[in-house]
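Here are a few exercises to work through with the model open in your viewer. Try each one before you read its solution.

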Amino acid sequence: VQLQASGGGLVQAGGSLRLSCAASGSIFSINVMGWYRQAPGKQRELVGIITSGGSTTYADSVKGRFTISRDNAKNTVYLQMNSLKPEDTAVYYCNADLKYSILGPWYNYWGQGTQVTVSS
């Protein structure tokens, strides 16, 4: 299984970016998918998560500006980031809990990370 993230880049403050993360491989089911970020010198932190049913949870710092969505048919999670601030600069990682068979265990996977840089 591989989680491939894309969509990062350089944007001015107030701008928008959309990240995508597609899970590929012999996947039976994906439960929670989410986005985390890690700024230089800081610990990785939660940005937001979305369940298979579409329920979402966000960090307080991004509420009202970021939106997580997913396409279950494509095993893909998205992060729409609006009103970006310089403090949003970080490497963004996608994460997913998935299983390979109906009776199998859940496994947790991380994507490779994509850089988001917001200039002031």
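Keep in mind that this is a predicted model.

**Exercise 1. Find the residues that make the nonpolar surface patch of about 250 Å², then place Y100 in the fold.**

Solution. Start on the surface: V1, Y100 and Y107 make up the patch. Next, trace Y100 along the chain, and you land in the loop between β9 (90-99) and β10 (107-110). Last, check its cover: the relative accessible area of Y100 is 34%, so it counts as partly exposed, between the 20% and 50% cut-offs.

**Exercise 2. Work out which strands supply the largest nonpolar core and what M81 touches there.**

Solution. First, the core itself: it has 30 residues, and W35, F66, L79, M81 and Y92 have the most contacts inside it. Second, the strands: at least two core residues each come from β1 (2-6), β3 (17-24), β4 (29-38), β5 (45-50), β7 (66-71), β8 (76-81), β9 and β11 (114-119). Of these, β9 gives the largest share, with five residues. Third, zoom in on M81: leaving aside neighbours within four places in sequence, its contacts include L17, L19, F66, Y92 and V116. As background, nonpolar side chains tend to be buried together in soluble globular proteins.

**Exercise 3. Follow the strand pairing from β1 through β3 to β8.**

Solution. Begin with β1 and β3, an antiparallel pair with five bridges; here Q4 has A22 as its bridge partner in β3. Then move on to β3 and β8, also antiparallel, with six bridges. In that pairing, S20 is matched with Y78 in β8.

**Exercise 4. The structure holds four salt bridges. Which residues do shared partners join into one network?**

Solution. Step one: E45 and R37 meet at 2.7 Å, N to O. E45 is partly exposed at 37%, while R37 is buried at 5% relative accessible area. Step two: R37 also meets D88, at 3.0 Å. R37 sits in strand β4 and D88 in the loop between β8 and β9, so this pair ties together parts 51 residues apart in sequence. D88 is buried, with a relative accessible area of 0%. Step three: D88 forms a salt bridge with R65 too, at 2.7 Å. R65 belongs to the loop between β6 (56-58) and β7, 23 residues from D88, and R65 is buried at 11%. Put the steps together and you get one network of R37, E45, R65 and D88.

Technical notes. Residues are numbered from 1 along each chain as its sequence is written. This is a predicted model: local features need pLDDT of at least 70, side-chain atom pairs count only at pLDDT 80 or more; totals for chains, interfaces and linings use all residues. Side-chain values use heavy atoms; hydrogens and water are left out. Patches are made of residues with over 30% relative accessible area and no salt bridge: like charges are joined within 9 Å, nonpolar side chains (Val, Leu, Ile, Met, Phe, Trp, Tyr) within 5 Å. Accessible areas come from the Shrake-Rupley method with a 1.4 Å probe; for residues, only the protein chains shown count as cover. A salt bridge is a side-chain nitrogen of Lys or Arg within 4 Å of a carboxyl oxygen of Asp or Glu. Helices (H or I, at least four residues) and strands (E, at least two) are DSSP runs, numbered from the N terminus. Buried means under 20% relative accessible area, exposed over 50%, partly exposed in between (1.4 Å probe, protein chains only). A nonpolar core is a set of buried Ala, Val, Leu, Ile, Met, Phe, Trp, Tyr and Cys residues joined through side-chain atoms within 4.5 Å. Contact means heavy atoms within 4.5 Å. Two strands pair if DSSP finds at least two bridges between them.
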